[in-house]
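Grab a coffee and work through a few exercises on charged pairs and helix packing. Try each task before you read its solution.

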Protein chains: 2
Amino acid sequence: MAKKNAFYAQSGGVTAVINASACGVIETARKHKDKIGKVYAGRNGIIGALTEELIDTTKESAKAIASLRHTPSGAFGSCRYKLKSLEANKREYERLIEVFKAHNIGYFFYNGGGDSADTCYKVSQLSEKLGYPVQAIHVPKTVDNDLPITDCCPGFGSVAKYIAVSTLEASFDVASMAKTSTKVFVVEVMGRHAGWIAAAGGLVEDHGIPVVILFPEIEFDQKKFLSKVDAMVKKHGYCSVVVSEGCHYPDGKFLAEQGTRDAFGHAQLGGAAPVVANMIKDALGYKFHWAVADYLQRAARHIASKTDVDQAYALGKAAVELAIKGQNAVMPTIDRVSDKPYKWKVGVAPLSKVANVEKFMPRDFITSDGFGITTKCRTYLLPLIKGEDYPPYKDGLPQYVRLKNVAVPKKLPNFKI
Amino acid sequence: MAKKNAFYAQSGGVTAVINASACGVIETARKHKDKIGKVYAGRNGIIGALTEELIDTTKESAKAIASLRHTPSGAFGSCRYKLKSLEANKREYERLIEVFKAHNIGYFFYNGGGDSADTCYKVSQLSEKLGYPVQAIHVPKTVDNDLPITDCCPGFGSVAKYIAVSTLEASFDVASMAKTSTKVFVVEVMGRHAGWIAAAGGLVEDHGIPVVILFPEIEFDQKKFLSKVDAMVKKHGYCSVVVSEGCHYPDGKFLAEQGTRDAFGHAQLGGAAPVVANMIKDALGYKFHWAVADYLQRAARHIASKTDVDQAYALGKAAVELAIKGQNAVMPTIDRVSDKPYKWKVGVAPLSKVANVEKFMPRDFITSDGFGITTKCRTYLLPLIKGEDYPPYKDGLPQYVRLKNVAVPKKLPNFKI
């Protein structure tokens, strides 16, 4: 087989460690120059492939690529853009093939979550359906931790660590203030449908913190919730509430609904924390403070989990190795070997079983009253936040890399998306 | 002079490093056992003195006290409680003297901000006005950085570092998403009247980030603001907005006013970020994300500034040394010796010149358009966020200490505050 180039792109919401996966892909491809030619990155995800806006990663120094390991966000730009089915928009697939042909691309590495796994799966079918030989490998990434088969998703461990650390710190704060001032602290965290991130707030219970969690998996019951908060404050003098942005009433209405939707058609959320805080103030009279972590949580490379960084890199590396072995339509996974000591290895899953499947918190990870996490959940979560992996600093700020992102000269006519 | 015990208390909003000052006070007092007897801490600030709820810090191990240096929040509990004047509430001052007499207290160390400096100043006058010999030393602490005379206030450098790091990280995130999704990220930060914390967001400009800052010192002009944001997005593809909770319209109305007030009578704020974000969406149509950092910022010991930790400790130490030298009604200060290299030493200020004075951002620290920081401001801020001082971790979480907080047996009848 003649040597082919590779296409790599980042998709969906970025994370603290998606660039660590990019680092794994590029460094590993560079070690296999006999098999893989250049790695071209898509400028702004799959859009870069459609518009032929390719970035030549060979123009970046080894040092710059190595720095991706400690740099949050998507170094090549990400996108929220979901390919329709081959039948619904054949034009886009034909364009992809044109671009791939023009730049001799035979490997497609797509780094994203559930929606991106679906896109990657569609690209993997190009070979069979349109006769263009391409191997598509999905590199998992999502702070939501909601991909199936893999034990966890790169990006999640670092958000989980950020939320656990922040909840611990803010809880220490409110405990200090509770005598004459704030008695309840509410922090809103990400997680549209799955409560994995919110669950991480529960890890502070091991440090003696009273915490009430509102999961998207548990229908919101205002009366039960207020009674739980009241009992916590009466017992401990204060409490912290971790509310998932996806927390909703039995009729499906989000506590935080703003009425706007993103490009994938998902409701855009934000603002559950003030809703919950005011609810507590009105019913119980407790003084509150609230925070909405939003992007701060998923971008917080400064407090990334070492486990997470290592896994993000390992899956980028594994994706290239799977490609070299001739695989298509697969996703490398994290397989948990043991909890204590925590051991994991890289496995592989067929994309047909990954695309469009969401993994929610199992019911036995949530306490029977619906407001906390169980020992089983704690055992699952703890290894994922373990270890610190600090970026280098200069003059008080982290030294995050900005790549040159040199464009590959275009060979084709423009294409409108 | 017979050996006297010391009273130490924490007041007002706690910080990531107020316990480092406590550590400085207690460790230094322990080194001068010939001069100072026991250090009694007030449970929940000055309230502990009034209610005779004293904590015996001699019951804590050297290791536990040393751990205060890396533990955020107020280890003994803080309070929002301002003593009235001697004339308005003589009963409270007489009670303080009773408690001090009963426990042989001759030193009063009060660790707080502007309101607390006022309380400390009133206590310092007990000697002259009511004939009880007590030396009152104020240990400065405030994330707002608004105390006069001292070059900076312990607590501020760490919040500034947190805001600078978080703004940098979130800006990298939005830059990745801007092509098809979020174009403006808004983060709300603390600072009721002074824009020091918001200014820290401006430090990311050195990293090429387009950022617009809304200071409390500059009256909000919606038209000018929207036009600035629009220009930034058109030029860079995205921008970040750092809005101070104290940002207000020309008539004094806060963008975020919730209508509630704290125990000091200050309006309780929160929610400027969603107001600003929706304003941008409505006028310019840009997709936004917003965060409210709230307690996360001031409790974030995990990303504390080493300069700040060192200074917090040094001022606790200096307070005890001033007491030993016989001083009363003073506050140790940070005096800047040089900017580059940054050098500082400990000075001293009379409390009469500290109490009830607020230090705002000088106008020449803010750019002429009112939306950014000047080189002069950058030169001031940069050394304050310099250096990392990570806490120890175990199983993924920081090992923050919880003291035993053993009560000193009461000797007096109850007192109602």
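**Exercise 1.** How many salt bridges does the structure hold over all chains?

*Solution.* Ground rules come before the count. This is a predicted model, where local features need pLDDT of at least 70, side-chain atom pairs count only at pLDDT 80 or more, and totals for chains, interfaces and linings use all residues. Side-chain values use heavy atoms, without hydrogens and water. Now apply the criterion: a salt bridge is a side-chain nitrogen of Lys or Arg within 4 Å of a carboxyl oxygen of Asp or Glu. Over all chains, that gives 41 salt bridges.

**Exercise 2.** Find the salt-bridge partner of Asp34(A), then say how exposed each of the two is.

*Solution.* Step one: the partner is Lys35(A), with the closest N and O atoms 3.7 Å apart. Step two needs the accessibility classes: buried is under 20% relative accessible area, exposed is over 50%, and partly exposed is in between (1.4 Å probe, protein chains only). Asp34(A) has 56%, so it's exposed. Lys35(A) has 38%, so it's partly exposed.

**Exercise 3.** Work out which parts of chain B are tied together by the salt bridge between Arg336(B) and Asp151(B).

*Solution.* Start with the distance: the two side chains meet at 2.9 Å, N to O. Next, place them: Arg336(B) lies in strand 12 (residues 330–338) of chain B, and Asp151(B) in the loop between strand 5 (135–140) and helix 7 (156–177) of chain B, so the pair ties together parts 185 residues apart in sequence. Here helices (H or I, at least four residues) and strands (E, at least two) are DSSP runs, numbered from the N terminus. Last, check accessibility: Asp151(B) comes out at 17%, so it's buried.

**Exercise 4.** Is Arg378(B), the partner of Asp206(B), buried or exposed?

*Solution.* First, the bridge: the closest N and O atoms of Asp206(B) and Arg378(B) are 2.9 Å apart. Asp206(B) sits in the loop between helix 8 (196–201) and strand 7 (211–214) of chain B and Arg378(B) in helix 13 (residues 375–381) of chain B, so this pair joins parts 172 residues apart in sequence. Then read off the areas: Arg378(B) is buried at 13%, while Asp206(B) is partly exposed at 46%.

**Exercise 5.** Which residues are linked with Lys306(A) in a network of salt bridges?

*Solution.* Recall the idea behind such links: side chains of opposite charge can pair when their charged atoms come close. In this network, Lys306(A) is linked with Arg69(A) and Asp310(A).

Conventions
Residues are numbered from 1 along each chain as its sequence is written. Chains are lettered from A and ligands numbered from 1 in the order in which they are written.
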